[in-house]
Amino acid sequence: MAQEVLWVDRWLYELLTSDSTLVGLVGGRVYGYLGEQDGALPYVLYSYQGGHDVRGNGPTRFMVSLLYQVKVVGVGASFQPLREIADRLDRILQGASGTVSGGRVLVCVREQPINFPEVDNGVVYRHVGGLWRIHAQAV
């Protein structure tokens with residue numbers, strides 16, 4: 001499954017960074033797995049969470065079903081400033097499909113919203129987004 005994760009990572013990055021509205025909202029800060037340490041906020045962060053192969057009765061793998069977390073991360077006392085960015089992520093990702101070198105994404109749908117605060121060294125970080133199921137197959 002590692003190869004599929006690599007090209008789905010690339011598909012997500014290309015999809016998110018090609019949306020001029022999203023890029024304008026986060027200043028182009030879209031990262032896979034780790035944001036820039038001490039970098040500007042808000043930013044979009046995506047990461048693979050888990051998944052499984054989808055097979056028939058035999059060993060042939062038809063596709064993979066991957067779960068990704070995609071969210072906006074910001075600071076402050078309220079989630080409200082992040083809502084516009086989270087809504088944009090939803091519009092971009094819900095029902096999205098496409099191709100990238102190595103494979104194709106059949107569909108991307110949200111399974112669950114996420115919305116939580118986190119405190120690090122006295123700074124309150126807020127996370128808003130979702131867990132997204134991505135069905136993909138190699139070509």
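**A first walk through this predicted model**

1. Let us start with a pair of charged side chains. Arg 61 and Glu 4 form a salt bridge, with their closest N and O atoms 3.6 Å apart. The two partners come from distant parts of the chain: Glu 4 belongs to helix 1 (residues 2–17) and Arg 61 to strand 3 (residues 61–75), a separation of 57 residues. Please keep in mind as you read that this is a predicted model.

2. How exposed are these two partners? Glu 4 is buried, with a relative accessible area of 3%. Arg 61 is partly exposed, and its relative accessible area is 39%. As general background, side chains of opposite charge can pair when their charged atoms come close.

3. Arg 61 has a further partner to look at. Its side chain also meets that of Asp 53 in a salt bridge, at 3.4 Å from N to O. Asp 53 counts as partly exposed, at 25% relative accessibility.

4. Next, please turn to strands 5 and 6. Arg 133 and Glu 111 form a salt bridge whose closest N and O atoms are 2.7 Å apart. Because Arg 133 lies in strand 6 and Glu 111 in strand 5, this pair ties together parts that are 22 residues apart in sequence. Arg 133 is buried, with a relative accessible area of 16%, whereas Glu 111 counts as partly exposed at 45% relative accessibility. Going back to the earlier pairs, salt bridges that share partners join Glu 4, Asp 53 and Arg 61 into one network. In total, the structure holds four salt bridges.

5. Now for the largest pocket, which is a good place to pause in the viewer. It holds about 420 Å³ of space. Which residues lie nearest its centre? They are Glu 36, Gln 37, Tyr 43, Asp 120 and Tyr 125, out of a lining of 15 residues.

6. Which strands supply at least two residues each to the lining of the largest pocket? Strand 2 (43–55), strand 5 (103–120) and strand 6 (123–138) each do so. Sorted by class, the lining has seven nonpolar residues, four polar ones and four charged ones.

7. His 127 deserves a visit of its own. This residue is found in strand 6 and counts as buried, at 5% relative accessibility. Its side chain makes a polar contact with the side chain of Lys 71, at 3.0 Å. Leaving aside residues up to four places away in sequence, His 127 touches Lys 71, Val 72, Val 73, Phe 79, Ile 114, Asn 115, Phe 116 and Glu 118.

8. The loop between strand 1 and strand 2 has two backbone features to look for. Pro 42 lies in this loop, with strand 1 covering residues 30–32, and the peptide bond from Leu 41 to Pro 42 is cis, with omega near 0°. Tyr 33 is placed in the loop between strand 1 and strand 2 as well. Although Tyr 33 is not a glycine, it has a positive phi of about 75°. Tyr 33 is partly exposed, with a relative accessible area of 35%.

9. Where is Asn 121 found? It sits in the loop between strand 5 and strand 6. Asn 121 has a positive phi of about 50°, although it is not a glycine. At 75% relative accessibility, Asn 121 counts as exposed, because exposed means over 50% relative accessible area.

10. One last stop is Gly 51, which lies in strand 2. Gly 51 is partly exposed, with a relative accessible area of 36%. How far apart are Gly 51 and Gly 35? They are 16 residues apart in sequence and 23 Å apart in space, taken from C-alpha to C-alpha.

Key. Residues are numbered from 1 along each chain as its sequence is written. This is a predicted model: local features need pLDDT of at least 70, side-chain atom pairs count only at pLDDT 80 or more; totals for chains, interfaces and linings use all residues. Side-chain values use heavy atoms; hydrogens and water are left out. On a 1 Å grid over the protein atoms alone, a cavity is a set of points where a 1.4 Å probe fits but cannot get out, and a pocket is an open set with protein on both sides within 12 Å along at least five of seven lines; lining residues have an atom within 4 Å of a point. Grid points are joined across faces, edges and corners, and a volume is the space filled by probe spheres set on the points. Helices (H or I, at least four residues) and strands (E, at least two) are DSSP runs, numbered from the N terminus. Ala, Val, Leu, Ile, Met, Phe, Trp, Tyr, Cys and Pro count as nonpolar, Asp, Glu, Lys and Arg as charged, and the others, Gly among them, as polar. Buried means under 20% relative accessible area, exposed over 50%, partly exposed in between (1.4 Å probe, protein chains only). A polar contact is a pair of N or O atoms within 3.5 Å; within protein, one must be able to donate a hydrogen and the other to accept it, and residues adjacent in sequence count only if both atoms are side-chain atoms. Contact means heavy atoms within 4.5 Å.
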